Structure formats: structure tokens, C-alpha cells
Amino acid sequence: MRTKAVIYLDRFKNNLDSIRARVGKDRHICVSIKANAYGHGAVQIAKKSLEAGANCFGIAAVSEGEELRKADIKAPIILLSQPHPDEISKIISLNLIPVVSDAEFIAALNKQAAAARKKLHVHLKIDTGMARVGCNVSEALALARQINKCSALKMTGTATHLAVSDSADMRDIDYTKQQLTRFKKAVNAIKAAGINPGIVHAANSGAIILHPDAWLDMVRPGILLYGYKAVQEFELPLSHLNKLIKLKSLIVDPVMELKSVVTLIKKVKKGETVSYGRTWTAYQDTFIAILPVGYADGLPRLASNRWQVTINGAVYPIVGRICMDQCCVNIGSKPDVQRWAEATVFGANIVPEDPELPVIMQDAAALANTVRTIPYEITCNINRRVPRVYKG
């Protein structure tokens, strides 16, 4: 196998266990499994999640729910994005739980669910400051009443989404508090009207770390489960950190490693250029290792001449432009690399045995930082043509 994504399911379970230990065993955990589980493989991650005690899943497309149902995943699946009306019949047949935020869609769901003689569960989504999916806070009670009157619908949850819960900036911390205040006010109004709001949930990965008051009935971890934190607890302002002092720092490990192999080694003379655009020139006679991994596999082209791979524990730079299906690595004038040797493109950071030496930042977060994006995009972009190999 030339290029592969190794998925460590034991690390995933440990990450989920760490989150559960932080938020408490009585809270529900909705595993965000959209985008093929952030590139990790939805079905395998779903099965491991259920083994680890997850309660339900969050998806973004009806097709993602269909994939899980075909794999015999029977757990509740929440459709977090707004679907097209043409997909309503499939939502009903797959027994998905759509989030709703407008009267028109609620009515359409009720009409088709009634015709199918099904009772469809829905979650009311309230926009408290994300300005994306969700009704205005002022509309929430009226929509809850509408759902409550629908013969074929049952409101089993109420949700919002936090825009900057992963930021340690005090202004963003305050903004998150404002969102939560608006949300709780809307939920309390629904309760005061005698309507059960169902499971109340708001906390994404950032809020699991920074905002315990957002944990409510259920949390919806995403990138945390796959081993990455957008913010470290110690980065917080002291006034907020003191509120978290009783909580241990949340430790998570990267679940995915992208690996390839050296398919060819060739000598390049001093002054010769490598790859498209001639963006790198050999400064001495050297050897180039060819790896069958490129931007079509998910290795960003923007990482050209800016990233490195690890072979036999040593680090070697990618040189020249990353191609669609291949990249070139400078292994030096006297290489200790053999053809068909395994190369790690990204994975866990490397901690040298000598404490005086720096840690080699080799995970998806470091690669993301190199190309000015986020680790979500790195793992999500690993193409489906790259085989997933599961361990643990």
C-alpha cells in the first residue's frame, strides 16, 4: 500500500473518554461525524463511538446519514444543516433528526411525516449570534408552539451554535457568554409555556474546553475527538482561568497519521531544479526521494518547500512544488534512506530523547499552521482514494 491514512481507534476512544471525564458521565455526547468523520471514516468512527458510550451522531448531509444507516448504525442521528425539501422523504425513511428553524420547513416535515404515518423527532435550532442556521431568539417560542401542535412531529431537542467558543480573547469569551444568555432565555420561555424543549445543547469543542456553563444536557465535540485543540487552557485570561481551575487540562491525541513510501530515489546535481515551476534549486549534489502523495490526496500544494516528512526517525524537507499525485523530498548527499521506506507526512509530534532538542511539530495542526488554515481542513481533505487503515 503506497499512501495510506492510519487511524488509531484506541486514541479516538481515549479522546472521547477524556471528554466524558471532563463534562460528567450524566451528559450526553453527540459525536460530530460529518465530512466522513473529519476524514477519518464515518462508519468505523461511529462503531467505535458506540462502543465507547456515545449517545448520538451529528451530520451535515442526508447522504451521510444514509451511509450510517446502511452500515446498520441504529443510534440517533441529528442532521445539523438545512436540507432541501426534496430530501424530506429520505429523512423520514432513514429516521434522521433534522434541526428546524422556520415555519415553512416545519410544516413541510409535518405534512410528509403524517402522510408516511411516522412520528419524526426534530430539534429546534436557535441563532444566538452565529448568523447561520437557526431562528431568531424572538421567534423561538412561536416555532416551539408550532412544533408542539404538529401531529407528526415531536420536539426532542433545542440547540444553538457558538461562534467563538474556541477563542481565549476576552471579547470573544464575553460574546460566548452573551450567546448563552440569549439561548437560556429562549429555552426558559419555551419551558414557561409548558413545552418540553427536549435535550438542550450548545457546546462544541471550544466550549468543552473553555465554557462549562455551555455543557447543558449534551455536548457536541468535533475536532477534539480527532486529537486537536484550537486553544490551550493556559492561554486564557486569569479571570476566566480561575473559573476552570478545578478542571484538569484536557489531553487529546491525534487520531490520524498520513503515511507514504519512497517509490524512487534519484540523484540531482548542484544547480538543477526540481518539479513544476522550478521553484527549488539544488545547492549541492543531492538525492531526491519521490513519494506517491500529492494535493489530490490531501497534501496541500501550499506546503511546497515549506513542509517536511519523517523517514526512519529523521526529518527531510519537501522540495519543489507538490504535484497532484507525487512530491519530492531532499534526503541529502549521503542518504540513509532505502527505496520503499515508509514516510510519515503528518501524525503525532516527535519528542526527541534529548530534552535539549526541540519538539518536531509534525501533526496536522502544524501543517495547517504552515499553510494558514485549520487542522479540520487538513484531515477532511484527505481524499477517499487514500485507504484508511484502522488500528486499535
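The overall fold, the nonpolar cores and the salt bridges of the chain are described below. The structure is a predicted model, in which local features require pLDDT of at least 70 and side-chain atom pairs count only at pLDDT 80 or more, whereas totals for chains, interfaces and linings use all residues. Residues are numbered from 1 along each chain as its sequence is written, and side-chain values use heavy atoms, with hydrogens and water left out.

The chain contains twelve helices and 20 strands, assigned as DSSP runs (H or I, at least four residues, for helices; E, at least two, for strands) and numbered from the N terminus. Its C-alpha atoms fill a box of roughly 80 × 50 × 35 Å along the principal axes. Of the 392 residues, 51% are buried, where buried denotes under 20% relative accessible area, exposed over 50%, and partly exposed the range in between (1.4 Å probe, protein chains only). Contacts, defined by heavy atoms within 4.5 Å, with a separation of 6 or more involve residues 24 or more positions apart in 67% of cases.

The largest nonpolar core (buried Ala, Val, Leu, Ile, Met, Phe, Trp, Tyr and Cys residues joined through side-chain atoms within 4.5 Å) comprises 108 residues, of which V31, I33, L124, I208, L299, W307 and F346 touch the most other members. Helix 8 (residues 170-192) gives the most to this core, with six residues. A second, separate core of eight residues includes V274, W280, I290 and C328.

Within the largest core, L299 is located in the loop between strand 15 (286-291) and strand 16 (308-311). L299 has a relative accessible area of 1% and therefore counts as buried. Beyond four places in sequence, the residues touched by L299 include W307, I318, I322 and L367. For V31, contacts outside the same sequence window include F12, L16, P221 and Y226.

Twelve salt bridges were identified, each requiring a side-chain nitrogen of Lys or Arg within 4 Å of a carboxyl oxygen of Asp or Glu. E257 pairs with R11 at 3.6 Å, N to O; this bridge links strand 11 (residues 256-261) to helix 1 (residues 9-23), across 246 residues. E257 also pairs with K259 at 3.3 Å, and both E257 and K259 are buried. D297 forms a salt bridge with R385, the closest N and O atoms being 2.7 Å apart. D297 is buried at 4% relative accessibility, whereas R385 is partly exposed at 45%. Salt bridges with shared partners join K4, R11, E257, K259 and E342 into one network.
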